[in-house]
Amino acid sequence: MKALVFNGPRDIRYDSYVDPELRSPNSAILKVESCSICGSDLHMYHGAHIGSTDYAAEAPKFCCGHEFIGEVVETGPEVHGFSVGQKVLAAGGTGCGRCPACRTGNAGACRHATAFGIGPTLEGGQAEFVCVPNADATLYSREGLSDEHAMLLTDAMATAYFGLTRAEPKPGGSVAVIGLGPIGLIGVELAYLLGASQVFAIDPVASRRAMAEKLGATALAPGPKLVEQVRELTGGRGAQSVFEASGASGAIASALPLVAPRGNVSFIGIPEPEDTLPLPLIMFKHVTVRGGICDVTNMWPHLVPLVQEGRLKASGLFSYHFTLSEGAEAYSLFDSREDGVIKIRIDVT
């Protein structure tokens with residue numbers, strides 16, 4: 001098959017790659033129809049880190065990508081919820097499907113859990129075909145969903161809901177969203193759906209701030225006056241809930257100064273090893289801080305009804321379309337953060 005293959009920092013190649021095979025009886029093979037690039041993919045692209053993995057170091061090649069939708073073309077004997085020919089989306093990662101955590105709907109706590117396409121352990125879906133283990137728990141029918149909403153439900157939309165709700169937005173309360181990529185922009189829309197009366201949307205890119213303003217947010221640029229601006233607009237207190245949706249070091253550092261005393265801060269951006277938080281600020285402001293990796297499948301029951309009923313629109317986020325053979329160009333454009341680049345869809349079929 002053809003796939004986008006990681007060959008080292010800034011070296012994603014459209015190349016021939018070995019066809020996937022069923023890796024376990026609970027696996028399925030998908031023929032990928034479309035995939036997309038996530039901001040966390042850029043950690044690999046930059047030769048940075050995801051957890052303890054250093055992508056600047058010598059590493060084996062692997063298929064990239066954890067956001068993909070497709071059609072089931074083969075199933076193992078222990079797959080009971082999906083059949084050949086079914087159109088599905090896949091969660092961005094999965095567990096083994098056999099341990100107590102997986103069997104109780106908590107695959108994120110599985111000790112074998114990993115994302116697709118961040119290493120050779122679980123090959124990614126920026127490819128013509130992909131093997132999905134633990135298929136009954138990892139796949140979801142696309143019936144009643146547009147292709148773009150299905151793609152967002154693989155990761156971005158779920159992560160936005162996970163990160164925002166862990167900042168505990170209150171009805172009538174104030175929320176600051178830092179980083180206006182797809183996750184942050186969906187977070188702005190969700191903040192209003194969950195009852196926030198005041199949402200601050202923070203990003204250095206003007207076109208992204210403009211998109212947040214259309215959703216009703218007060219858009220602000222990062223900089224030395226940011227904390228003063230938010231305090232002035234909140235009666236001197238700061239935002240009750242802060243959702244950091246970027247992972248950039250500057251975004252991480254800006255979160256705690258923005259939060260009100262006894263407020264909540266949620267981090268979902270992938271940090272680098274040198275990123276730290278000031279403990280005195282947490283202590284003396286009585287701030288609750290949460291971070292984590294989204295367990296995508298547990299977010300679907302909250303989100304799919306909102307999408308299907310038209311309450312959560314998440315529209316206009318896919319700003320560019322490419323074919324799989326243009327994958328290297330797609331990565332380069334996504335990395336550039338040029339005006340107008342929000343999310344990139346790659347069509348495989």
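**Exercise 1. The open sheet**

In what order do the 3 strands of the open sheet stand? Find the edge strands as well.

*Solution.* Keep in mind that this is a predicted model.

- Step 1. The order is S2-S1-S6, and the pairing is antiparallel.
- Step 2. Look for strands that pair on one side only. These are strand S2 (12–16) and strand S6 (62–63), the edge strands.
- Step 3. Now take strand S1, residues 2–6. It runs antiparallel to S2, and 5 bridges join the two.
- Step 4. Pick out one facing pair. Leu 4 stands opposite Tyr 14 in S2.
- Step 5. Stay with Tyr 14. Lys 2 lies over the face of this ring, 5.6 Å from the ring centre.

**Exercise 2. Arg 345 and its partners**

Which residues form salt bridges with Arg 345? Work out which parts of the chain they tie together.

*Solution.* Start with the principle. Side chains of opposite charge can pair when their charged atoms come close.

- Step 1. The cut-off is 4 Å between a side-chain nitrogen of Lys or Arg and a carboxyl oxygen of Asp or Glu.
- Step 2. Test Asp 147. Its closest N and O atoms with Arg 345 are 3.8 Å apart, and the two form a salt bridge.
- Step 3. Place both residues. Arg 345 is in strand S20 (residues 343–347) and Asp 147 is in helix H4 (residues 147–153), so this pair ties together parts 198 residues apart in sequence.
- Step 4. Test Glu 148. Its side chain meets that of Arg 345 in a salt bridge, at 3.9 Å from N to O. Glu 148 also lies in helix H4, so this pair ties together parts 197 residues apart in sequence.
- Step 5. Check burial. Buried means under 20% relative accessible area. Arg 345 has 12%, so it counts as buried. Asp 147, at 31%, is partly exposed. Glu 148, at 27%, is partly exposed too.
- Step 6. Widen the view. Arg 345, Asp 147 and Glu 148 belong to a network of salt bridges that also links Glu 33, Glu 71, Lys 87, Arg 142 and Asp 347. The whole structure holds 13 salt bridges.

**Exercise 3. Two ring pairs**

How many aromatic pairs does a search of the whole structure find? Classify two of them by angle.

*Solution.*

- Step 1. The search finds 5 aromatic pairs.
- Step 2. Take Phe 68 and Phe 116. Their centres are 5.1 Å apart, with 90 degrees between the planes, and the pair is edge-to-face.
- Step 3. Locate them. Phe 68 is in strand S7 (residues 67–75), and Phe 116 is in the loop between strand S10 (114–115) and strand S11 (129–132), so the pair ties together parts 48 residues apart in sequence.
- Step 4. Check burial. Phe 68 is buried, with 0% relative accessible area. Phe 116 is buried at 0% as well.
- Step 5. Take Tyr 140 and Trp 300. The ring centres are 5.1 Å apart and the planes are at 55 degrees, so this pair is tilted.
- Step 6. Tyr 140 is in strand S12 (residues 139–141) and Trp 300 in helix H11 (residues 300–308), 160 residues apart. Tyr 140 is partly exposed at 30%. Trp 300 is buried at 4%.

**Exercise 4. A surface patch**

Which residues make the nonpolar surface patch of about 400 Å²?

*Solution.*

- Step 1. The residues are Leu 279, Met 283 and Phe 284.
- Step 2. Place Leu 279. It lies in helix H10, residues 279–284.
- Step 3. Exposed means over 50%. Leu 279 has 53% relative accessibility, so it counts as exposed.

Key
Residues numbered from 1 in each chain as written. Predicted model: local features only at pLDDT ≥ 70, side-chain atom pairs only at ≥ 80, totals over all residues. Heavy atoms only, no water. Pairing = 2+ DSSP bridges. Helix = DSSP H or I, 4+ residues; strand = E, 2+ residues; numbered from the N terminus. Patch = residues over 30% accessible without salt bridge, like charges linked within 9 Å, V, L, I, M, F, W, Y side chains within 5 Å. Areas by Shrake-Rupley, 256 points an atom, 1.4 Å probe, with all protein chains shown as cover. Buried < 20%, exposed > 50% of the residue type's maximum accessible area, 1.4 Å probe, protein only. Phe/Tyr/Trp six-rings, centres within 6.5 Å; stacked < 30°, edge-to-face > 60°. Lys NZ or Arg CZ within 6 Å of the ring centre and 35° of its normal.
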